[in-house]
Every structure is written in structure tokens, then in C-alpha cells.
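Subject: Structure for you to look at

Dear colleague,

Here is the structure I promised to pass on to you. Please open it beside this message, so that you can follow each part in turn.

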Amino acid sequence: MKILQQEVVQIVPNAKRLVQGYRDIGYTFNGAVADLVDNSIAAQATEVRIDMVWDSHHSYLVISDNGDGMTRAQLEEAMRLGSDQDYDSDDLGKFGLGLKTASISQCKVLQVGSRPRGIGHAVDVLRFDIDHIETTNNWEVIRQGTETLPTIASDWLAETHGTVIVWSNLDRLLGGTNNMDKARNAFFDHHRGLGLHLAMVFHRFLSGDERTKHQHPAEFRIVLNGLELDPWDPFATWHEKTQTLTAQDFPLAGVGWGGIVEMQPYILPAKEQFNDPKEHELLSGPKKWNNQQGFYIYRANRMIQSGGWCGLLTPNEHYKLARVTVDFPPQLDNAFGINIAKMRVTLPAQLKDEVKAFVGPIRKAADLAYNAKERNKLPALGPGSTPPPLTPPKRPGVAVPRTTSGTAQQGGLGPFAPWPVATLRETEQSRRRFALETAAKVTGHESALEAILKALASSDERTARELGW
Ligand SMILES: Nc1ncnc2c1ncn2[C@@H]1O[C@H](COP(=O)(O)OP(=O)(O)OP(=O)(O)O)[C@@H](O)[C@H]1O
Ligand SMILES: [Mg+2]
């Protein structure tokens, strides 16, 4: 018998080249932040605070959570591209990449500070710096002291266990420009959109939906620049005229894998059925009514995709009241083609015909609800009564959000309240207020600013208003 000569040759990836490639795997700003919030939920945080601090070239973003935190060894592993990790069947993580790839899609310097639960643990800080990796051509991180963190982050870890993520040198987030006016606009735009996105993507966790209880049993809140996000329920399950149609399960299996895809259709109320036009406007969602019709795809209760018919059908004005939840478990990740950024999926080819048949009657029901003349032929509903679903719902218990009015909370950057206030046009006043509050935060003069404005409000109310108060 002939013996084959062979030898193992190790090819170490070129860090300098690869790190650039990892910056471009398709994250949007919103998607990148959401990927980090996934980590906080997985770490059982009950609160995630996101602070976007505008300071021209030195602007930064901090995501702080009060979750499990990490030991020194765990933190080092977390900084590895492809961290070693065992996942539960409903874990939000999958690749061991998100923390790094999401961060460097927006910034050149990522710092992670962490303190694990329990008494007597110190804070550890590691810095992942693209310039350093490019210079050394090595996958290295730098251990730092807590004094290198922004005060918001070090203060947080002084008070609680948990993790802080700091993004600085925000080349991508600021739109890669040296023009600070443009950069500031990009920063504000991102800030405005982020609240809407997180309120939508994590609405089940924010509203304490029963379905999330096995993943995250406690309450959960996200605070963006001092304002707590209200969940955004795309299905208006709180509205008496929302119709809950029959749910359907779609089993999906292949060799060595399988799972169930669950679909729950809703027909939302038509415009005239809202008492308050603002409620209707809020429900239109980030992409507005026509583009928000269709599938809302959830993986382990976290929304991956909102609206659209996955290429099965085209959006149509007449069907804009139809919205359908599609839930799939992580066991079906491959079938749905989930990628690292977890921002898009495709409907498995195996399901297409069945789903198309399922959607037909839903679109008919949506057309009926849209068409006021036809709708008026339906039996009238008395006050407080619920509309007759076209067919009875199969699964009960879709959570009602804590509130739908979304009034701004006290404190923080008022005019930049997230959903739904963030849907309002940014005014010049709110921009001024944001700039002043951020400058006060950066220089540590928040209480001085507060005192000045109090005095100004009584001496010259008009100017105070012009400044956004
Ligand atoms: N906020 C956090 N709190 C505690 N541990 C964290 C936190 N963020 C990350 N980790 C740890 O770091 C590991 C790596 O995170 P990373 O986001 O890179 O990958 P992942 O979440 O495992 O998978 P994915 O690539 O799908 O996000 C996590 O598995 C977790 O153990
Ligand atoms: Mg992750």
C-alpha cells in the first residue's frame, strides 16, 4: 500500500486584512446596537442604558447593563473573534462574533468593562483597537484601568455588577466625514432612529410578554439618553378593533434538524377606527403603513425583520392592515439563513407554497377591513365589545404594552424621547438643548447648567424656550 506523505501547515489569518473585512459584514447602526442589547438580555440584565454623547471628533456611545458581568477570563474570551460559548436552545447569541463585529462596524475603538455578580470582584477593562491591530498585525487587546472609561461607564460599574461597552473614534457612525456639521447631523439622525428600532425589535422583552419568560424572567427596560423606551407593539393588540386571526404552525425538518415555525396573523384597525389620529400614526411604524404590512419575523422572541412579504407577494395599499408574526427557534437558523448581523432572514423555500396559501385569506380580510364600505356591512360593535375574529385565535396571550401613549419621561434629553416622541420632527430647539446637555455632561457641569436654565426660565422665558426648555 502506498503511504501518502502529508504535513499540516498552519495558516494564521492576517489580522490587519481580516479586521477590515469584519468591519463590513452588513450591520446598520441600529442593527449593531441591537446585537449588543442581545448580549445584555442573555446576561439577564434588567436594565440597559444607552448614552450617545456628542462631542465632535470625541463623541462616543456607551451601553451599560446590570447583567451577570464577566470575570477576567470570561472577558478575555468574549473579546476573541469566535468566542467559545455553549448556547441554550433559545439563546440570542450564536456566532461568538457580535460584540466585536457589531462594534467595529461603527467605531475604531471598543472598550469593554465588566464586573461579575458577587461580592469583592474588581472591574476589568479591555480595549479592542483597530489601529493597534493594524499596526501590530496581531489579534491583541489592551488591558486598561477604569480611569480610561468615560465617567458614565466607570460610575455605572462602581455601583453595579454588569458590563459597559464604549464605542469611541466613531468613524463609521459619524459618516466618515471631517465636516462636523454633517457628522453632527448623522449623529442626531442615528439617535432619533435608534429609539424606534429598539422599541420595535425588543418589544416582547420590554413588555414582559409571557413568551420571553423562560429566557428572561425579570422586568427589562432600555433607557436611551435618560429616557425609558416604551415597547412598540406592531399588532396593536391593545386596540379593541384589532382582529386576531387563526394561528398556524408549520413544521420544518431536514436530516438531523427540525422545528416549528409559528404564524399569527392580525388585521389592524383602519384609520377611522382610531379615536386619536396620533395612535394611528404611531402604528404606521418606522417604514410607514404600506411597507410595514407583512411578516414580522422573530428568532427566540427577538424581532429580526419587520414588514414585507419575503418576496412571496408585493406590498399593496389594500393589504396594509395585515401584519403576521412569524416565530422560529434557533434550531431553524440555517433554514432561515440567519447571518452574523442577524438583521435579515429568508423564508425557507420548503415553506413557500404553504405560506402563500396561508396568506391568501389574510390579505382578503385585510382588504375588507381597509375598504370602509365593506367594513360597514359588518355588524356594528358596541362600546367595549371586541370585534369578532374571522376565525378564533389559536394561541392566547399576546402581551399588551405597558403604555401606548409614549409620553416623554422626566429628565434626560426630553425632546429626543424615543418612540413615539422621536417620530416628531427634530426641532432647532431640541437640537440646541441636546447640544447644551451633552456639553454639560462631557464637562461635568450638569448641575450648573440646570441652575442656569432655572434662572433663565424665570428671567427670560422666551430665550429658555428657544434653547429647547
Ligand atoms: N453584556 C454582556 N454581559 C455579559 N457577557 C457578555 C456581554 N456581552 C458579551 N458577553 C459574553 O461575550 C461572549 C461573546 O459575545 P458576542 O456577542 O461576540 O458573541 P455571542 O453573543 O456569543 O454570539 P453572536 O455572535 O451571535 O452575538 C458572549 O457569548 C458572552 O459570553
Ligand atoms: Mg452576541
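Below I go through what was found, beginning with the whole protein and ending with the ligand.

Please keep in mind from the start that this is a predicted model. The protein has 469 residues, of which 40% are buried, and its chain forms 16 helices and 14 strands. If you look at contacts with a separation of 6 or more, 71% of them are between residues that lie 24 or more positions apart.

A good place to begin is the sheet, which is open and made of eight strands in the order β5-β4-β3-β6-β2-β1-β7-β8, with mixed pairing. As a reminder, strands of a sheet pair through backbone hydrogen bonds, and they may do so in a parallel or an antiparallel way. At the edges stand β5 (142–144) and β8 (227–228), and each has a single partner strand, so one side of each is left without a neighbour in the sheet. For β5 that partner is β4 (residues 124–129), to which three bridges join it, and the two run antiparallel; one pair you can find on screen is V125 with its bridge partner Q144 in β5.

Two helices can be placed against these strands. Helix α6 (residues 151–159) lies across β1, β2, β3 (109–115) and β6, and runs at about 175 degrees to β6. Helix α2 also packs on the sheet, where it touches β1 (47–53), β2 (60–65), β6 (162–168) and β7 (221–224), and its direction makes about 150 degrees with that of β1.

How many residues of α2 are buried? The count is twelve of the 14, so the helix is largely enclosed by the rest of the structure; among the buried ones are F29, D35, D38 and N39. From its first C-alpha to its last, α2 reaches 20 Å, which is close to the 20 Å expected at 1.5 Å a residue. Just after this helix, Q44 takes a positive phi of about 65 degrees.

The same helix brings us to ligand 1, which has 20 residues around it, with N39, A43, A78, G93 and G98 coming nearest. The elements that give two or more residues to this shell are α2 (29–42) and α4 (98–104). Sorted by class, the shell holds six nonpolar, nine polar and five charged residues. N39 is worth finding on your screen, since it appears both among the buried residues of α2 and among those that come nearest to ligand 1.

With best wishes

Terms used: Residues are numbered from 1 along each chain as its sequence is written. Chains are lettered from A and ligands numbered from 1 in the order in which they are written. This is a predicted model: local features need pLDDT of at least 70, side-chain atom pairs count only at pLDDT 80 or more; totals for chains, interfaces and linings use all residues. A residue is near a molecule or strand if its C-beta atom, placed from the backbone, lies within 6 Å of it. Helices (H or I, at least four residues) and strands (E, at least two) are DSSP runs, numbered from the N terminus. Ala, Val, Leu, Ile, Met, Phe, Trp, Tyr, Cys and Pro count as nonpolar, Asp, Glu, Lys and Arg as charged, and the others, Gly among them, as polar. The expected span of a helix is 1.5 Å times one less than its number of residues. A residue is buried if 20 or more other C-beta atoms lie within 10 Å of its own, exposed if 12 or fewer, and partly exposed in between; C-beta atoms are placed from the backbone. Two strands pair if DSSP finds at least two bridges between them. Two residues are in contact if their C-beta atoms, placed from the backbone, lie within 7 Å. Axes are lines fitted to C-alpha atoms, for helices over the stretch in contact, and angles run from 0 to 180 degrees between N-to-C directions.
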